[in-house]
Amino acid sequence: MLILTCPYCGINADETDLHGDGEAHIPRQGAGAAEDDFEAYLFHKKNPRGVHFERWRHVFGCGKWFHAARDTMTLEVFGTYKAQTFEPPKALINKIKKKRLDWEGYMK
Amino acid sequence: MSEAVTALRGANFDGAVTVSDAGLRGMITLRGDLGDEKLAAVVKAAVRLGMPKPRGVKEGAKGAVAWMSPDELLLMVDYDKADAVVSGIDKALKGDHFLAVNVSDARVVLRLEGQGVREVIAKGAPADLSPEGLPIGEIRRTRLGQVAVAFWLSDAEILHLICFRSVGAHVFNWLSNAAQAGSLPGFLRPD
Ligand SMILES: [Zn+2]
């Protein structure tokens, strides 16, 4: 069972209180985008086995979207953070690096 | 004007705990900047209470106010005062970025009373119902079975629960079933 702490209301929310929405920090491609960029935006996801940054929504709770960093293989949660950012916080990246020595680091 | 009735029409169930229709309640969703002094002033004018802490519920003689999210409050007043409170807020905050809506008829309020209220809810909500996980005076928004609910305890043995009107009968039946006499483990009892 996956439990994520919502950074907005502070609740330790069970997975069933949340809605997962896949990879985080994907730059939006709009109507004027090149076809290849738009295709990549829609379909080309990192889908790593290991450290992953995701979007989640506290849908049955406060309703806010937030971000979570977790290991897709072990389900270890490294941390959650608010949505008002374009990339993961430095402190969280450093924390993950200490735990996953072979991790290549956050890549856009 | 038509006569206002609750979806549960005064339903009551006596089991391991009592589950009852709490009656008509004025409920106003207020969204805006909770750090804004003007917003705090309209809350004070409406229910004579200060701003609640995150997840907090404040209750007084004039009504109650619950923290629903970082930019949302639920004001609870007498049913027939709700429209007047909304117009008061609209006037006081005119020009600001905010939203005040009378949601009284879109909701159902239930009251659970008895030693086992935490255990009845714990049967269907993925929430920590222990006194540490949900202290008295703290609201929890989560699900009960498949539907969205919000609940808080105002006392060790009194729990208030709000759900959408459309699922009111379902939630009442669900709670009555979960509150069958002799069906509680007796683990989460008040001291
Ligand atoms: Zn939340």
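These legends walk through several close-up views of a predicted model.

**View 1. A:His25 sits in a loop of chain A.** Start with the stretch that links β3 (19-23) to α1 (35-43) in chain A, since A:His25 is found in that loop. Is A:His25 buried or exposed? With a relative accessibility of 16%, A:His25 counts as buried, because the cut-off for that word is under 20%. Its backbone is worth a look too: phi is near 60°, a positive value, and the residue isn't a glycine.

**View 2. The side chain of A:His25 has two polar neighbours to look for, A:Tyr81 and A:Phe86.** Zoom in on the side chain of A:His25, and you'll find it making a polar contact with the side chain of A:Tyr81 at 2.8 Å. With A:Phe86, it's the backbone that takes part: its oxygen is 3.2 Å from a polar atom of the A:His25 side chain. Which other residues does A:His25 touch, once neighbours within four places in sequence are left aside? The contacts include A:Phe53, A:His67, A:Thr85, A:Glu87, A:Pro88 and A:Tyr106.

**View 3. Strand β5 of chain A pairs with β4 and with β6.** Here we move to residues 65-71 of chain A, the strand called β5, where six of the seven residues are buried. β4 (residues 51-57) runs antiparallel to β5(A), and seven bridges join the two. To find your bearings in that pair, look for A:Trp56, which stands opposite A:Phe66 of β5(A). β6 (residues 77-82) is also antiparallel to β5(A), this time with five bridges.

**View 4. A hairpin links β5(A) and β6(A).** Follow the chain out of β5(A) and you pass five residues before β6(A) begins. One of the residues to pick out in this hairpin is A:Leu75, whose phi is positive, near 70°. A handy marker for the paired strands is A:Arg70, which faces A:Val77 of β6(A).

**View 5. The largest pocket brings us back to A:His25.** This pocket has a volume of about 670 Å³, and 27 residues line it. Which residues lie nearest its centre? They are A:Glu23, A:His25, A:Ile26, A:Pro27 and A:Arg28. β3, α1 and β5 of chain A are the elements that each give two or more residues to the lining. Among them, α1(A) gives the most, with four residues. Sorted by class, the lining comes to 11 nonpolar, nine charged and seven polar residues.

**View 6. The second largest pocket has residues of chain B closest to its centre.** About 290 Å³ of space is found here. Its lining is made of 16 residues, and B:Met68, B:Arg107, B:Arg141, B:Ala148 and B:Phe164 are the closest to the centre. Four strands of chain B, β6 (72-77), β9 (140-144), β10 (147-155) and β11 (158-164), supply at least two lining residues each. By class, 10 residues of this lining are nonpolar, while three are polar and three charged.

**View 7. B:Arg48 sits in a loop of chain B.** The last stop is the loop running from α1 (37-47) to β4 (57-59) of chain B, where you'll find B:Arg48. Its phi is near 60°, again a positive value in a residue other than glycine. How does B:Arg48 count, as buried or exposed? Its relative accessible area is 52%, so B:Arg48 is exposed, as the word applies over 50%.

Technical notes. Residues are numbered from 1 along each chain as its sequence is written. Chains are lettered from A and ligands numbered from 1 in the order in which they are written. This is a predicted model: local features need pLDDT of at least 70, side-chain atom pairs count only at pLDDT 80 or more; totals for chains, interfaces and linings use all residues. Side-chain values use heavy atoms; hydrogens and water are left out. Buried means under 20% relative accessible area, exposed over 50%, partly exposed in between (1.4 Å probe, protein chains only). A polar contact is a pair of N or O atoms within 3.5 Å; within protein, one must be able to donate a hydrogen and the other to accept it, and residues adjacent in sequence count only if both atoms are side-chain atoms. Contact means heavy atoms within 4.5 Å. Two strands pair if DSSP finds at least two bridges between them. On a 1 Å grid over the protein atoms alone, a cavity is a set of points where a 1.4 Å probe fits but cannot get out, and a pocket is an open set with protein on both sides within 12 Å along at least five of seven lines; lining residues have an atom within 4 Å of a point. Grid points are joined across faces, edges and corners, and a volume is the space filled by probe spheres set on the points. Ala, Val, Leu, Ile, Met, Phe, Trp, Tyr, Cys and Pro count as nonpolar, Asp, Glu, Lys and Arg as charged, and the others, Gly among them, as polar.
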